[in-house]
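Open the model in your viewer and keep the sequence panel visible. The stops below go from the whole chain to single residues.

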Amino acid sequence: MANAINLSNIITLKPFKEDDIDDVLLWLSDDRVVENTRLEICNSREEALNFIENKWIYPSYQSICLNGHSIGIFWVLPYNDEKHKACLGYAIGFNYWGQGIVTKGLKILLSKVFQEFHGLVRLEAYTVVENKASQRVLEKVGFHREGLLRKFFYHKGNVEDLYIFSFLSTDEISDAVA
């Protein structure tokens, strides 16, 4: 892991803004970043601006920032017919993988998500079976692995198995070190 980052007080979450276009384009144009997510690859400033202005509305979409620069995204999407639960997802620029940034950011998100989404009781996250790093992140912050969903997700031409994780409003955020 080259150039490990000191994580004390430099990770923040904020709404996306137009000034984030160039930062967003850096990580959203990388196949490795969007590979295991529902995000689509973005190849132009116009596409990035469209996401920021029309799709990534706070608090459902929050920018993961390092020293004020957008390096990734969290999304919390309540289910249309069941507002007591929501789906969590995230992605972060490849250069920041394995440095504890998502873990720290997720702890920040969990500390406020149940107040931002009134009536939310359950947050769910799904990972493809092969994505061990994402599974570790979820477990480090206190998510519970509930089980394997076989052939559950159609992803890039394949039907994938997924693990489902949950975090309840009554759960404690883990103090495990990122």
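Start with the whole protein chain shown as a surface: its accessible surface is about 9600 Å², and 50% of that belongs to carbon and sulfur atoms. Accessible areas here come from the Shrake-Rupley method with a 1.4 Å probe, and for residues only the protein chains shown count as cover.

This is a predicted model, in which local features need pLDDT of at least 70 and side-chain atom pairs count only at pLDDT 80 or more, while totals for chains, interfaces and linings use all residues. Residues are numbered from 1 along each chain as its sequence is written, and side-chain values use heavy atoms, with hydrogens and water left out.

**The whole chain**

Switch to C-alpha atoms: they fill a box of roughly 40 × 40 × 35 Å along the principal axes. The radius of gyration of the protein chain is 16 Å, which agrees with the value near 16 Å for a compact globule of 178 residues; the radius is taken over C-alpha atoms, and the globule rule is 2.2 Å times the number of residues to the power 0.38.

Of the 178 residues, 47% are buried (buried is under 20% relative accessible area, exposed over 50%, partly exposed in between, with a 1.4 Å probe and protein chains only). Among contacts with a separation of 6 or more, 63% are between residues 24 or more positions apart; a contact means heavy atoms within 4.5 Å.

Now colour by secondary structure. The protein chain has five helices and seven strands, in the order β-α-α-α-β-β-β-α-β-α-β-β from the N terminus. Helices (H or I, at least four residues) and strands (E, at least two) are DSSP runs, numbered from the N terminus.

**Helix α1**

Select residues 21-28, which form helix α1; six of its eight residues are buried. Show the side chains of Ile21, Asp23, Val24, Leu25, Trp27 and Leu28 to see the buried residues of α1. Then add α2 (31-34), α3 (45-55) and β3, which are included in what covers them.

**Strands β3, β4 and β5**

Next select β3 (residues 69-79) with β4: these strands pair in the antiparallel sense over eight bridges. Strands count as paired if DSSP finds at least two bridges between them. A hairpin through two residues joins β3 to β4, and Pro78 stands opposite Ala86 in β4.

Why is strand β4 largely enclosed by the rest of the structure? Eight of the eleven residues of β4 (residues 82-92) are buried, so the strand is largely enclosed. Add β5 to the view: β4 and β5 run parallel, joined by four bridges. Leu88 has Ala125 in β5 as its bridge partner.

**Strands β5, β6 and β7**

Keep β5 (residues 122-128) and select β7 (residues 158-168), its antiparallel partner over seven bridges. To locate this pairing, label Glu124 and its bridge partner Ser166 in β7.

Then select β6 (residues 144-155), which pairs with β7 in the antiparallel sense over eight bridges. Here Tyr154 has Val159 in β7 as its bridge partner. At the hairpin of β6 and β7, with two residues between the strands, look at Lys156, which takes a positive phi near 50°.

**Ser134**

The last stop is helix α5 (residues 132-141), where Ser134 is found. Is Ser134 buried or exposed? Ser134 is buried, with a relative accessible area of 10%. Not counting residues up to four places away in sequence, Ser134 touches Tyr90 and Thr127.
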